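Grab your viewer and work through a few exercises. Each one sets a task and then walks through a solution.

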Amino acid sequence: MQLAMANMGPVSGVSTRLGTTVVAAFLASLVECVEALTVVLAVGSVRGWRSALAGAAAALAVLAAIVAALGPALTRIPLRLVQLAVGTMILLFGLRWLRKAILRSAGLIPLHDEVAAFAKNTASMRDGAGGVRGWDKVAFAAAFNITMLEGTEVVFIVIALGAGGSGLLLPASLGAVGALLAVVALGVALHRPLARVPENTLKFAVGVLLSAFGTFWVGEGAGFAWPGPASASPDLAIPCLVAAYLAIAVGLVPLCRALAVEG
Amino acid sequence: MRWLRSMAREVWGLFVDDGSFAGAILAWLAVAALVGPRVDSRWAGPVWFAGLAVILVESVVRFSRRRTK
């Protein structure tokens with residue numbers, strides 16, 4: 001009996017470690033994947049699924065290519081640099097979007113000005129150097145950026161957990177892939193109900209989300225601290241930023257209307 | 001060459017709508033990135049956000065006032 005227990009000890013220890021690594025990678029990656037899903041779903045609902053999904057797929061393909069080419073050497077790339085560079089793009093993109101959504105809700109710019117701009121752009125593309133018709137570059141870029149940033153986080157999580165011992169890279173990768181599949185299933189379930197939300201409300205939500213994520217990622221990249229207990233995850237700042245941007249944007253709509261009436 | 005210029009213009013247009021708005025965000029980012037990490041405070045993040053909020057409010061209010069003239 002004792003001999004059997006002694007034999008089982010290391011085996012169960014290894015399997016526990018493998019299981020813990022899979023679960024840790026799954027949960028940590030799930031947080032990042034859900035963050036990306038939130039934005040991709042919102043962008044897809046507002047601007048069309050084809051470009052949003054293509055942007056997310058392109059980012060995953062670029063990430064896969066980088067991982068395949070660099071492998072563990074990826075750990076030498078400073079994560080903060082990636083957060084700062086991609087975060088700045090998301091921030092510029094998000095605040096631009098939010099500003100337009102506020103002005104649109106206040107009635108100061110037309111509701112469908114982007115459709116007109118898009119029609120103008122596609123017409124000039126047909127006349128000029130050409131291009132792929134029907135692709136929405138705004139949706140593609142937004143989905144690409146957020147998937148790239150959150151995906152980079154997942155890659156770092158997998159490498160960090162995989163470095164915990166020999167043979168742990170595969171279970172960590174399996175956990176991350178499991179999280180991605182779970183989030184894809186969640187996205188498939190949620191995209192139909194989202195279609196019932198009014199277009200301008202969704203545009204407003206996308207602006208708020210992108211601005212909050214951009215602010216957070218630039219803050220992380222620049223090394224800014226956020227209030228809260230030291231043990232708490234800095235990711236908790238994201239919902240607070242979402243709420244703060246939403247409150248400011250909602251408050252600005254009547255203010256802009258009042259300023260317009262005064263004139 | 002014309003194709004490259006038009007592509008660069010498209011990419012620029014993705015991030016920049018109002019030049020002064022984008023410029024203000026980047027200028028605040030430069031200042032915050034230089035000063036923020038040196039300040040040993042848990043409020044560096046909220047101050048960074050507050051600056052962005054002020055830029056957003058100023059830009060939207062300025063646009064509304066210009067529209068009424």
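The exercises below go from the fold of one chain to the interface and then to individual side-chain pairs.

Some ground rules before you start: this is a predicted model, with local features needing pLDDT of at least 70, side-chain atom pairs counting only at pLDDT 80 or more, and totals for chains, interfaces and linings using all residues. Residues are numbered from 1 along each chain as its sequence is written, chains are lettered from A and ligands numbered from 1 in the order in which they are written, and side-chain values use heavy atoms, with hydrogens and water left out.

**Exercise 1. Describe the make-up of chain A: how many helices and strands does chain A have, and what share of its residues is buried?**

Step 1. Run through the secondary structure, taking helices (H or I, at least four residues) and strands (E, at least two) as DSSP runs numbered from the N terminus. Chain A comes out with eight helices and zero strands, in the order α-α-α-α-α-α-α-α.

Step 2. Now for accessibility, where buried means under 20% relative accessible area, exposed over 50% and partly exposed in between (1.4 Å probe, protein chains only). Chain A has 263 residues, and 43% of them count as buried.

Step 3. Look at the contacts (heavy atoms within 4.5 Å). Take those in chain A between residues at least 6 apart in sequence: 82% of them join residues at least 24 apart.

**Exercise 2. Size up the interface between chain A and chain B: how many residues are in contact, and which three residues of chain A supply the most buried area?**

Step 1. Count residues on both sides: 42 from chain A touch 38 from chain B.

Step 2. Get the area. The size of an interface is often given as the accessible area lost when the parts come together. Buried area here is that loss (1.4 Å probe), summed over both parts. Chain A and chain B bury about 3600 Å² between them, with 76% of it on carbon and sulfur atoms. A:L92, A:R99 and A:F224 supply 20% of the area that chain A buries against chain B, more than any other three residues.

Step 3. Check the polar contacts (N or O atoms within 3.5 Å; within protein, one must be able to donate a hydrogen and the other to accept it, and residues adjacent in sequence count only if both atoms are side-chain atoms). Five residue pairs, both members at pLDDT 80 or more, are in polar contact across this interface.

Step 4. Place the chain A side on the fold. Elements giving two or more residues are α3 (79-105), α5 (137-162), α7 (199-222) and α8 (237-262) of chain A, and α3(A) gives the most, with 13 residues.

Step 5. Sort that side by class, with Ala, Val, Leu, Ile, Met, Phe, Trp, Tyr, Cys and Pro as nonpolar, Asp, Glu, Lys and Arg as charged, and the others, Gly among them, as polar. You get 30 nonpolar, eight polar and four charged residues.

**Exercise 3. Trace the salt bridges around B:D18: which residues end up in one network?**

Step 1. Apply the rule: a side-chain nitrogen of Lys or Arg within 4 Å of a carboxyl oxygen of Asp or Glu. It gives four salt bridges over all chains, and one across the interface of chain A and chain B.

Step 2. Start with the pair that crosses. A:R99 and B:D18 meet with N and O 3.1 Å apart, going from helix α3 of chain A to the loop between α1 (2-15) and α2 of chain B. A:R99 is buried at 5% relative accessible area, and B:D18 is buried too at 13%.

Step 3. Stay on B:D18. Its other bridge listed here goes to B:R62, at 4.0 Å; B:R62 sits in helix α3 of chain B, 44 residues apart from B:D18. B:R62 is partly exposed at 27%.

Step 4. Move along the helix. B:E58 bridges to B:R62 at 3.0 Å. The two are four residues apart in helix α3 of chain B, so about one helical turn separates them. B:E58 is partly exposed at 41%.

Step 5. Join them up: shared partners put A:R99, B:D18, B:E58 and B:R62 into one network.

Technical notes:
Buried area = accessible area lost by both parts, 1.4 Å probe.
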